[in-house]
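Q: Could you walk me through this model? I'd like a quick tour before I head back to the bench.
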Amino acid sequence: MKKNIELRPNVETLFGTRDENLHLLEDALNVTIELKSSAVQIDGTAEDVARVEQVFDDFEYLRTHGHSVFNGELTSMLRVLVSDPSVTLRQLAEAGKQRAVGGRRQVQPKSINQRLYLEAIEQSDMVFGIGPAGTGKTYLAVAMAVSALLAKKVQRIILARPAVEAGERLGFLPGTLQEKVDPYLRPLYDALYDLLDPEKVDRFLEKNVIEIAPIAFMRGRTLNDSFVILDEAQNTTCEQMKMFVTRLGFNSKAVITGDITQIDLPNPSRSGLIEAMNVLKGVEGIRIQTFHETDVVRHQLVQRIVHAYEEYRERDDRQLSLHLEHAENQAAAAPAGEAKSKATAVQQ
C-alpha cells in the first residue's frame with residue numbers, strides 16, 4: 001500500500017538530523033518513506049502506513065498547538081512509539097508536558113521500560129527501579145520528584161544513599177558531617193543541578209526543601225508530604241531497607257533504585273534490595289520496574305559493556321554449575337568404588 005502525505009510547514013523537524021527519524025520509522029515499522037516534490041510517500045502494509053501517517057498527523061497537531069519538540073526528545077519519543085503500538089506521539093508529548101521540570105525541560109522516556117517506570121511513579125506510592133548503570137533510574141526519579149515539588153504535590157524532597165564505597169576504602173574524611181557525606185551523594189546533586197537553576201537548588205538545599213542525607217539518618221523519622229528517593233539501594237543491609245520502607249508517611253512517595261549486579265557490601269547476599277524485591281513482590285501499592293541493557297541511555301559503548309559483563313557472568317555461572325555437578329558425581333561414585341576395592345582385597 002502506498003500513501004502520499006502532503007508536505008507541511010516545518011515538517012523537516014520531524015525528519016531529524018540527516019533524516020535519522022525517518023530511518024528509525026522505516027527500520028522499525030517496515031515501511032519505505034520517500035520524499036517527493038510536494039509530498040512524502042509511504043509504502044508498506046496498511047497497518048504500518050497508518051501508524052506512520054498518525055505520527056505525521058500528531059506532529060502537525062503538536063506544532064500548531066505551540067508544542068516545541070527538540071530533535072533529541074522527538075527521537076526518544078519515536079523510539080518508544082515504534083516499540084509500543086499502544087502509544088501515540090501526541091500522548092507521549094502531552095504526558096511529557098505534564099511532567100515539565102521548572103520550564104527548563106520535559107521528562108521524556110527513552111525506552112518502553114522508562115515509560116512504564118514513570119507511569120509507575122505517577123500511579124504508585126512506592127516504586128523499585130532495578131537495573132544496570134545508565135538506564136536513567138536515578139535521574140528520572142529525581143526529575144519526577146522535582147516536578148512534583150514545583151507542582152506543589154509535595155512539600156519537600158528527601159534524597160538518601162548508603163555511605164558505602166565502591167570497592168575501596170576512603171578512610172578518614174575531613175570537614176563537617178555534611179562535607180563527609182557529600183562525596184557519596186554527588187550523583188544526586190548532579191541530577192538536581194541539571195534539572196534546576198543552580199541558584200534555586202542552593203536555595204532549596206539551604207531551606208531544607210531538598211534534603212540529602214545518608215540512609216542512617218532516616219531512623220525514627222516519619223516522612224509526610226515528601227518525595228523520598230533511596231539511591232544505590234543494593235548497598236543497604238536488610239535492616240536498613242526495612243527501616244527505610246517503613247518511614248513512608250501520608251501524601252508521600254518513595255522511589256528506590258539500585259543495581260543488584262554492583263553490590264559493594266562485604267556480604268552481597270545480605271543486600272536489603274534483594275530481600276525487599278522478594279518480600280514486597282505483589283504487595284498492593286508497590287511496583288517493581290526492571291531495566292535491561294537495551295534501556296541504557298548513555299554512550300552506546302556503555303550498552304555494549306553491560307552486555308559483555310552479563311554474558312561473562314552467565315558463562316561463569318554455567319562453568320561453576322558444571323564444576324559443582326562434576327564434583328557431586330565424583331562424590332556419589334566414590335563409595336561404590338571404595339567398596340569394590342575393599343571386596344577385591346578381601347578375596348585376595
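**Quick tour of the model**

Q: Hi! Which residues of helix H2 are buried?
A: In H2 (residues 20-29), the buried ones are Asn21, Leu22, Leu24, Leu25, Glu26 and Leu29. Buried means under 20% relative accessible area, exposed over 50% and partly exposed in between (1.4 Å probe, protein chains only). Helices (H or I, at least four residues) and strands (E, at least two) are DSSP runs, numbered from the N terminus.

Q: And what phi does Asn30 take just after H2?
A: Asn30 has a positive phi of about 55°.

Q: Before I go on, what kind of model is this?
A: This is a predicted model, where local features need pLDDT of at least 70, side-chain atom pairs count only at pLDDT 80 or more, and totals for chains, interfaces and linings use all residues. Residues are numbered from 1 along each chain as its sequence is written, and side-chain values use heavy atoms, leaving out hydrogens and water.

Q: What is the average pLDDT of the protein chain?
A: The average is 83, and 86% of the residues score at least 70. pLDDT is the predictor's confidence in each residue, from 0 to 100.

Q: New topic: how many residues of strand E6 are buried?
A: In E6 (residues 210-214), 5 of its 5 residues are buried. Ile210, Ile212 and Pro214 lie on one side, with Glu211 and Ala213 on the other.

Q: Which strand is joined to E6?
A: Strand E5 (residues 156-161) runs parallel to E6, with 5 bridges between them. Leu159 has Ile212 in E6 as its bridge partner.

Q: Last one: where does Ile305 lie?
A: Ile305 is in helix H12 (residues 300-347) and is partly exposed, with a relative accessible area of 40%.

How values were computed
Pairing = 2+ DSSP bridges.
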